[in-house]
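Let's take a walk through this model together. Have a look at the sequence and the fold first, and then we'll start with one pair of charged residues.

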Amino acid sequence: TIKRIRRKPVVKVKLQYPPAQNEPDATIELFAGENLRRGMLVRGVKLNDKLSERFDSGGLGDCGADGTCATCVVAVSKGDELLSPKAIQEAQILKKNPRWRMACKTIVGSGMTEGEMTIQVNPRQWEQA
C-alpha cells in the first residue's frame, strides 16, 4: 500500500513585543489547525500578560486555557482571516477590542489555509507604552 504524504499548510506569524518588554520582534511558523496559545508556548513565546484580569472572578491568574482570564490575549495587526472565527464567549469578553483574540481559543490556518500574519503580544502593555 502506498500512502500519499501531504504537506501541512504553514502560517508564518510575526510577533511584536511591547517596548517595555525589551524583546526583539520574532517570526515563528505554525501549522494550519494548530492552537495559537499552545503553538506559541511550545516555541518559547512569553505570553502571560500580568495586566490582565480574570473575566469570571475579577482576580488575576491563568485559567489553564478555559478562555476566562485573557492572559493569552494577542492583537492581530495582519492576517485575521487566517484564524478561526470567534466563539460567542470570546466575542463577548473582547467586544471592546475587536482586533484582540484569545490565543487559547484560536486556531491558525482556518480552513487549512497558508499565509502570513502579524500579532502583538501582551496588547495591554502596548497601551501603556
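Are Arg101 and Glu90 buried or exposed? Keep in mind as you look that this is a predicted model. Arg101 turns out to be buried, and Glu90 is buried as well. In relative accessible area, that puts each of them under 20%. The two form a salt bridge with each other, and their closest N and O atoms sit 2.8 Å apart. This pair links distant parts of the chain: Arg101 belongs to strand β4, while Glu90 belongs to helix α2 (residues 88-93), 11 residues apart. Arg101 has a second role, this time in the strand pairing: it is the bridge partner, in β4, of Val74. That match belongs to the pairing of β3 (residues 73-78) with β4, where the strands run antiparallel and three bridges join them.

From there, let's step back to the whole fold. The protein has three helices and five strands, and along the sequence they come in the pattern β-β-α-β-α-β-β-α. In space the order is another matter: the five strands make an open sheet arranged β2-β1-β5-β3-β4, with mixed pairing. At the edges are β2 (26-31) and β4 (100-102), each of which pairs on one side only. Ignoring direction, neighbouring strands in the sheet are turned by 40° against each other on average. If you like contact statistics, take the contacts between residues at least 6 apart in sequence: 62% of them join residues at least 24 apart.

Now for the inside. Of the 129 residues in the protein, 44% are buried. In soluble globular proteins, nonpolar side chains tend to be buried together. Here, the largest nonpolar core has 28 residues, and the ones touching the most other members are Val13, Leu15, Met40, Met102, Met117 and Ile119. At least two core residues come from each of β1 (10-16), β2, α1 (36-42), β3, β4 and β5 (115-121). The largest share is that of β3, with four residues.

Met117 is a good one to click on. Leaving aside residues up to four places away in sequence, its contacts include Val11, Val13, Val76, Leu82 and Leu83. Lysines are on the list too, namely Lys12, Lys14 and Lys78.

What about the outside? The accessible surface comes to about 7700 Å², and carbon and sulfur atoms account for 51% of it.

Back to charges, then. How many salt bridges does the structure hold? There are four, and the Arg101 and Glu90 pair is one of them. Another joins Glu114 to Arg7, with the closest N and O atoms 2.8 Å apart. It also links distant parts of the chain: Glu114 lies in the loop between β4 and β5, Arg7 lies in the segment before β1, and 107 residues separate them. Glu114 counts as partly exposed because its relative accessibility is 42%. Arg7 has a relative accessible area of 59%, so it is exposed. A further salt bridge connects Glu34 and Arg43, again with 2.8 Å between the closest N and O atoms. With a relative accessible area of 32%, Arg43 is partly exposed. Set these beside the pair we began with, where Arg101 and Glu90 are both buried.

Terms used:
Residues are numbered from 1 along each chain as its sequence is written. This is a predicted model: local features need pLDDT of at least 70, side-chain atom pairs count only at pLDDT 80 or more; totals for chains, interfaces and linings use all residues. Side-chain values use heavy atoms; hydrogens and water are left out. Two strands pair if DSSP finds at least two bridges between them. Axes are lines fitted to C-alpha atoms, for helices over the stretch in contact, and angles run from 0 to 180 degrees between N-to-C directions. A nonpolar core is a set of buried Ala, Val, Leu, Ile, Met, Phe, Trp, Tyr and Cys residues joined through side-chain atoms within 4.5 Å. Buried means under 20% relative accessible area, exposed over 50%, partly exposed in between (1.4 Å probe, protein chains only). Contact means heavy atoms within 4.5 Å. Accessible areas come from the Shrake-Rupley method with a 1.4 Å probe; for residues, only the protein chains shown count as cover. A salt bridge is a side-chain nitrogen of Lys or Arg within 4 Å of a carboxyl oxygen of Asp or Glu.
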